[in-house]
Amino acid sequence: MPEISAPLIAWYRRNARDLPWRRAGFGAWGVLVSEFMLQQTPVTRVIPHLEAWLARWPSPTSLAADAPAEAVRQWANLGYPRRALWLHRAAVEIRDRHGGIVPRDVDALLSLSGVGDYTARAVAVFAYGDRHPVVDTNTRRVLARAVEGRSQPGPPARRDLGAMSDRLPGDPVEAAIVNAATMELGATVCVARVPRCDTCPIAHVCAWRAAGYPDTGDDRRRQARYEGSDRQARGAVLRVLRDASADGIRSVELIADWADAAQRDRAITSLADDGLIELIDDRARLPQ
DNA sequence: CAACCGTGGCT
DNA sequence: TAGCCAAGGTT
């Protein structure tokens, strides 16, 4: 496969979106918060929440000083609210184990709650400028097409990290740009549904294009239906408690009119198991 | 490894 | 409209 770094870097310099976390001096805490919010949530939805979050909690220690309930409430309707809980836990861990400074070491980052392979390396690379492969769903789609000649990536695998690492320049600054540019290309040009190959800076070396854009199938798992799901019930419970006072409300009044009573009970107990709500006597509330 | 975990916009 | 998709992580 020919060199793709040079055209990617040139393209990125001209076409990168102006995103808050790309501003100079945005800070490792801001990058970490942004990466939590960006897990499975579109950029356009994240930006206003990110700015409100950082205005309220400009440091890990400021967040750690508040109750988890405040994090869950501030998270609002961003989705996957356990990310709010994990981000709060990570802030406590950063305060207690790292002197309030977001760690730079990948293994230290990986040990934080809610931080996995992607987020750990994204912080190390984009906040600190170190040289690591950063592999997200965009990266995997770009590599699947440009390198493997497939229409869609397979399920995430550990070897994706090595595959990306192999094509990073040796210079950490350039490597960081290639990481960001590959993600950006996947997010804006080499998109999942209708790719814009006519404007792609690496079309001339794309294996998928060379093969005539074959439909190689899609072995990704389909998302479970949301309507009528336990997740929907959990979301409804949590929405009520976010809007309630700190005392919460009586458990029997939680989405009392939910059609499936067994599902309602499952939602409440599983949320309590997850630590997203507390059940005290006959009441339910966010975790204090 | 597969299942599970929210929410909203887009086609 | 119903399904797809989104800067993933944990169990």
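Start by selecting Trp53 and Trp75: in this predicted model, tryptophan 53 is buried, and tryptophan 75 is buried too. Show both as sticks and look at how the rings sit. Their centres are 5.7 Å apart and their planes meet at 90°, so this pair is edge-to-face. The pair joins distant parts of the chain, with tryptophan 53 in helix α3 (residues 43–56) and tryptophan 75 in helix α5 (residues 68–75), 22 residues apart.

Now add Trp57 to the selection. Ring pairs link Trp53, Trp57 and Trp75 into a cluster. The structure has three aromatic pairs in total. Between tryptophan 53 and tryptophan 57, the ring centres lie 4.7 Å apart with planes at 65°, so that pair is edge-to-face as well. Relative accessible area is 0% for tryptophan 53 and 1% for tryptophan 57.

Next, colour residues 37–188. An unreviewed UniProt entry annotates this span as "domain: HhH-GPD". The span is 64% helix and 0% strand, and its end C-alpha atoms are 19 Å apart.

Then turn to DNA strand B. Which residues come nearest to the strand? Of the 17 residues around DNA strand B, they are Pro81, Arg82, Arg221, Arg231 and Arg234. By class, this surface has eight charged, five polar and four nonpolar residues. Select α6 (82–98) and α13 (230–243), each of which supplies at least two of the residues there. The largest share, five residues, comes from α13.

Zoom in on three contacts with DNA strand B:

- Arginine 234: a polar side-chain atom is 2.4 Å from a phosphate oxygen.
- Arginine 231: an N or O atom of the side chain lies 2.8 Å from a base nitrogen.
- Tyrosine 80: a backbone N or O atom is 2.8 Å from a sugar or linking oxygen.

On the DNA side, 62% of the strand B atoms within 4 Å of the protein belong to sugar or phosphate, and the rest to bases.

For the last stop, select cysteines 197, 200 and 206. Why are there zero disulfides in the structure? A disulfide needs two cysteine sulfurs within 2.5 Å. The sulfur closest to that of cysteine 197 belongs to cysteine 200 and is 6.5 Å away, so the two are too far apart for a bond. The sulfur of cysteine 206 also has its closest cysteine sulfur in cysteine 200, at 6.5 Å, again too far for a bond. While you are here, compare the surroundings: cysteine 197 is partly exposed at 25% relative accessibility, whereas cysteine 206 is buried at 13%.

Conventions:
Residues are numbered from 1 along each chain as its sequence is written. Chains are lettered from A and ligands numbered from 1 in the order in which they are written. This is a predicted model: local features need pLDDT of at least 70, side-chain atom pairs count only at pLDDT 80 or more; totals for chains, interfaces and linings use all residues. Side-chain values use heavy atoms; hydrogens and water are left out. A residue is near a molecule or strand if one of its heavy atoms lies within 4 Å of it. A polar contact is a pair of N or O atoms within 3.5 Å; within protein, one must be able to donate a hydrogen and the other to accept it, and residues adjacent in sequence count only if both atoms are side-chain atoms. Helices (H or I, at least four residues) and strands (E, at least two) are DSSP runs, numbered from the N terminus. Ala, Val, Leu, Ile, Met, Phe, Trp, Tyr, Cys and Pro count as nonpolar, Asp, Glu, Lys and Arg as charged, and the others, Gly among them, as polar. Buried means under 20% relative accessible area, exposed over 50%, partly exposed in between (1.4 Å probe, protein chains only). UniProt positions are given in the numbering used here, feature names are shortened, and annotations may be inferred rather than shown by experiment. Rings of Phe, Tyr and Trp (its six-membered ring) pair if their centres lie within 6.5 Å; planes under 30 degrees apart count as stacked, over 60 as edge-to-face and the rest as tilted.
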